[in-house]
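Take a look at the chain shown below. This report walks through some of its parts, from single residues to sheets and cavities.

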Amino acid sequence: MNREFKDICFSASMAKESPINDEEMSISFMALSANPIIKREGMFEDYYISIDTDNVRWSAKNLYLDHNPSFNNSIGVIDEVKKDNEGFKVKVKFFEHIPNSKEAFLRYKAGLSNSVSVGFGEANIEEIGKLNNLPHYKIKSGEIVELSAVWLGADKKATITKFAENKNQGEKMDSQVLENKNQGEKMQQTQEKHNDDAKDIAQLAEVLGQKELALKAIAEGKSYAEFRSNLYAKVNENKQVFIQTSKTKQDQEFSLYNVITNKPEGYELEFFDRSSQKFKIPNSFYKKFDANDGGIITKSTNEGVASIEPLYYRGDKFIDLVRSTSPLLSKLDMMSGLVSVQQIPRDNTELDAVFLDEGATSNAQSLSFDHIKLTPKTLSNKVIITRRMFEMTPLALESFVLQKMVTGIRRKLEKVVLYGKNPEPITGIFNTSGVQVVDSFMKNPDFKSALKFKGLLQSADYDTSRCAFFVNAMGFTELEGTPKSINTTNVTTERTLLENNKLAGFDIYVNNLINNGDIILGDFSNSILGVWSDGIEIKTYQEQGDNLIIEGFYDIDFALKRNNAFVISKISK
């Protein structure tokens with residue numbers, strides 16, 4: 001059963017009869033009531049947890065601002081602790097000359113809060129059944145290692161309370177509190193690392209669907225490295241329970257299906273990034289979709305688009321796959337494997353030679369440079385997996401997710417390359433100053449106006465052999481039906497503006513993200529697609545209900561090398 005214990009922390013509060021001592025600057029708290037039963041919120045459903053306080057040890061030494069025990073967070077010292085039939089009671093001393101400590105004392109005194117919360121270190125937790133139709137867990141034994149100030153915690157009885165001096169009602173700190181000094185000093189040194197490891201363990205467990213294993217690891221005080229190693233061993237021992245995506249190969253393969261279903265094997269864990277909590281899909285994953293390998297990705301049939309590179313290619317296969325489906329993106333100059341911000345020098349110098357008389361000299365001409373700046377910008381694409389979709393075969397489900405990731409990122413890239421503008425972080429060609437313009441060509445297209453596109457590029461000294469037109473399907477159809485010329489008797493010729501899918505001698509491609517009435521001619525190698533990612537990163541999380549969200553992340557940027565390498569015409573405003 002999957003269960004997420006966010007923090008093994010429970011709250012309590014202050015006494016009804018003079019719990020606050022202004023002279024001593026101290027407050028008495030009921031830190032943890034006797035044998036409480038507490039309802040908690042879980043990731044997928046709520047649950048109850050009860051505590052056998054008879055088997056709980058106390059070693060907390062200080063009061064902290066929150067459940068992050070550190071030197072700067074310490075706001076009070078626990079002077080006395082005792083345990084009676086009502087639970088654990090503590091007396092906390094605050095300090096006048098420590099601003100955070102004094103402020104906390106005054107806040108409690110003013111009634112802004114009356115609660116504290118205990119945090120468990122080692123704990124023995126077991127599921128003992130159901131309570132109100134919800135799972136019921138019990139802390140059978142454990143150690144309280146820290147006390148924190150909270151607004152309102154889980155244990156409603158854990159409030160400010162009178163610290164009774166009657167020895168018959170409770171036992172003093174020395175007899176009941178677990179050698180507070182010695183164990184408290186040890187806790188101070190190890191608790192911060194324990195909390196960091198517990199957080200990392202919980203995050204990894206949530207991603208991998210191994211929350212019960214994580215809970216046990218946290219209770220046993222294991223480090224993140226130990227937990228990861230044990231998890232790797234566990235999934236290898238139980239390898240037969242995981243669905244295999246390839247039954248004909250002996251080599252290990254990355255299975256997106258196992259990640260989606262929260263059953264990653266040890267091999268998938270090699271591609272899990274602890275800091276970002278994401279899986280990075282390796283290049284080898286895409287081989288199963290290659291038509292030559294019995295997969296589903298066929299060689300490109302798009303005119304002017306190269307097929308995806310063979311497996312030995314060392315770049316990122318995902319962006320290759322995206323570009324193989326897009327005539328527009330495939331023509332961009334790509335820089336992959338980037339790290340941090342890139343500034344690429346651009347020479348704007350125009351030098352002219354001069355005539356010299358015998359023995360004469362000339363002054364050196366000034367050089368002019370600026371730069372192209374590329375900064376990583378993260379694209380996110382979400383795919384929803386419904387409950388019924390888990391009945392698909394592993395290959396079919398992986399294919400569906402991959403296709404949606406490729407399509408979503410391709411469409412967004414094409415949109416920003418063409419029309420990106422504020423608040424988008426990328427400015428597209430149609431919204432870039434310095435791009436050359438032919439007015440309203442598609443309003444009344446004719447051959448002479450089409451030649452203006454070519455003339456503008458040649459006037460700027462561009463080699464037009466690499467240029468191509470892009471227009472949407474409606475524009476393409478209109479050009480197909482427009483006569484190339486009309487003779488002197490107003491009789492149209494059979495020839496149209498498009499001959500062999502060329503306009504004015506240039507290849508023309510359809511892109512339906514282009515607005516009606518817009519058209520562009522350009523040398524798209526004079527633009528740069530910068531890529532920082534060396535594989536798409538994915539993260540899964542549960543949506544409300546039975547749906548699962550798979551989110552892909554990819555870092556890119558786009559810039560023009562030469563703005564006047566493009567000629568646009570548009571009717572849309």
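## A buried loop residue

Ile514 is buried, because its relative accessible area is 3%; buried means under 20% relative accessible area, exposed over 50%, and partly exposed in between, with a 1.4 Å probe and protein chains only. This is a predicted model, in which local features need pLDDT of at least 70 and side-chain atom pairs count only at pLDDT 80 or more, while totals for chains, interfaces and linings use all residues. Residues are numbered from 1 along each chain as its sequence is written, and side-chain values use heavy atoms, with hydrogens and water left out.

Where does Ile514 lie? Ile514 sits in the loop between β22 (506-510) and β23 (519-522). Helices (H or I, at least four residues) and strands (E, at least two) are DSSP runs, numbered from the N terminus. Ile514 touches Leu418, Tyr419, Phe470, Val471, Asn472 and Ile520, leaving out residues up to four places away in sequence. Contact means heavy atoms within 4.5 Å. Tyr419 is 95 residues from Ile514 along the chain, yet their C-alpha atoms are separated by 8.4 Å.

## A buried helix residue

Ala450 lies in helix α11 (residues 447-459). With 0% relative accessibility, Ala450 counts as buried. Its contacts, apart from neighbours within four places in sequence, are Phe441, Phe469, Leu503 and Ala504. Ala450 and Gly505 are 55 residues apart in sequence, and 9.7 Å apart in space, C-alpha to C-alpha.

## The open sheet

Leu503 leads on to a sheet. The order of its 6 strands is β19-β27-β23-β20-β22-β21; the sheet is open and the pairing is mixed. Why is one side of β19 and of β21 left without a neighbour in the sheet? β19 (436-437) and β21 (502-503) stand at the edges and each has a single partner strand, so one side of each has no neighbour there. Two strands pair if DSSP finds at least two bridges between them. β21 and β22 run antiparallel and are joined by 2 bridges. Leu503 has Phe506 in β22 as its bridge partner.

## Other strand pairs

Here are three more pairs, side by side.

| Strands | Direction | Bridges | Partner residues |
|---|---|---|---|
| β4 (residues 37-40) and β5 (residues 47-51) | antiparallel | 4 bridges | Arg40 and Tyr47 |
| β7 (residues 62-64) and β8 (residues 74-84) | antiparallel | 3 bridges | Asn62 and Val77 |
| β8 and β9 (residues 87-93) | antiparallel | 7 bridges | Lys82 and Lys89 |

β8 and β9 form a hairpin, with 2 residues between them.

In a regular strand the side chains alternate between the two faces of the sheet. Strand β4 shows this alternation. Ile38 and Arg40 point to one face and are buried. Ile37 and Lys39 point to the other face and are not buried.

## An enclosed helix

How many residues of helix α8 are buried? In α8 (residues 317-324), 8 of the 8 residues are buried, so the helix is largely enclosed by the rest of the structure. They are Lys317, Phe318, Ile319, Asp320, Leu321, Val322, Arg323 and Ser324. These buried residues pack against α9 (327-330), β15 (333-335), α10, β24 (527-531) and β26 (548-560).

## Cavities

Helix α10 also helps to line a cavity. A cavity is a set of points on a 1 Å grid, over the protein atoms alone, where a 1.4 Å probe fits but cannot get out; lining residues have an atom within 4 Å of a point. Grid points are joined across faces, edges and corners, and a volume is the space filled by probe spheres set on the points.

There are 3 cavities of 30 Å³ or more. The second largest holds about 40 Å³ of space. Its lining is made up of Leu256, Ile281, Phe285, Val401, Leu402, Met405, Ile536 and Ile538. Helix α10 (residues 394-419) gives the largest share of that lining, 3 residues. Which kinds of residue form this lining: nonpolar, polar or charged? The lining has 8 nonpolar residues, no polar and no charged. Ala, Val, Leu, Ile, Met, Phe, Trp, Tyr, Cys and Pro count as nonpolar, Asp, Glu, Lys and Arg as charged, and the others, Gly among them, as polar.

## The whole protein

The protein has 12 helices and 27 strands. Of its 573 residues, 48% are buried. Among contacts between residues at least 6 apart in sequence, 71% join residues at least 24 apart.

Conventions
1 Å grid on protein atoms, 1.4 Å probe; cavity = no way out; pocket = protein on both sides within 12 Å on 5 of 7 lines; lining within 4 Å.
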